[in-house]
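Here are my notes on this one, written as numbered points. Have the picture open while you read, and look up each residue as it comes along.

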Amino acid sequence: MAEIKNEEAKDKAFVEITIQPGEKIALCRCFKSANMPYCDGAHKEVPGTGPAIVDAKL
Ligand code: FES
């Protein structure tokens, strides 16, 4: 399961996610998700957006 680590550095927030081999996650790029940093489908209300799919293939 993905492990999330949030860090604050200088005036920006960073999210570091560690995923396991074979794991696949969808990251929000529209900033509308209620489950950040993950996509929850809220991008459907924002034309032209969608998640970033990260796939740690075996
Ligand atoms: S909810 Fe933001 S990309 Fe899906």
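1. Start with His43, which sits in the loop between S3 and S4. Strands here are DSSP runs of E with at least two residues, helices are runs of H or I with at least four residues, and both are numbered from the N terminus. Before going on, please keep in mind that this is a predicted model, where local features need pLDDT of at least 70, side-chain atom pairs count only at pLDDT 80 or more, and totals for chains, interfaces and linings use all residues. Residue numbers start from 1 along each chain, following the sequence as written.

2. Is His43 buried or exposed? Neither quite fits: His43 counts as partly exposed because it has 19 C-beta neighbours inside 10 Å. The rule is that a residue is buried with 20 or more other C-beta atoms within 10 Å of its own, exposed with 12 or fewer, and partly exposed in between, with C-beta atoms placed from the backbone.

3. Which residues does His43 touch, leaving out those up to four places away in sequence? They are Cys30, Lys32, Thr49, Gly50 and Pro51. Touching means being in contact, that is, having C-beta atoms (placed from the backbone) within 7 Å. Try Ser33 as well: it is ten residues from His43 along the chain, and their C-alpha atoms are separated by 7.4 Å.

4. Now step along to Lys44, which also lies in the loop between S3 and S4. Lys44 is exposed, because it has 10 other C-beta atoms within 10 Å. Its C-alpha is 9.5 Å from that of Cys30, and the two residues are 14 apart in sequence.

5. That loop has some backbone oddities to check. Phe31 lies in the loop between S3 and S4, and it has a positive phi of about 65° although it is not a glycine. Phe31 is exposed, since 11 other C-beta atoms lie within 10 Å. Then look at Pro37, in the loop between strand S3 (24-27) and strand S4 (52-55): the peptide bond from Met36 to Pro37 is cis, with omega near 10°.

6. Over to strand S3, where you'll find Lys24. Lys24 is exposed, because 11 other C-beta atoms lie within 10 Å. What does Lys24 touch, not counting residues up to four places away in sequence? The answer is Ile53, Val54 and Asp55. Lys24 and Ala56 are 32 residues apart in sequence, yet 6.1 Å apart in space, C-alpha to C-alpha.

7. Finally, zoom out to the whole chain. The protein has four strands and zero helices, so from the N terminus the order is β-β-β-β. Buried residues make up 3% of the 58 residues. Of the contacts with a separation of 6 or more, 26% are between residues 24 or more positions apart.

Methods:
Contact = placed C-beta atoms within 7 Å.
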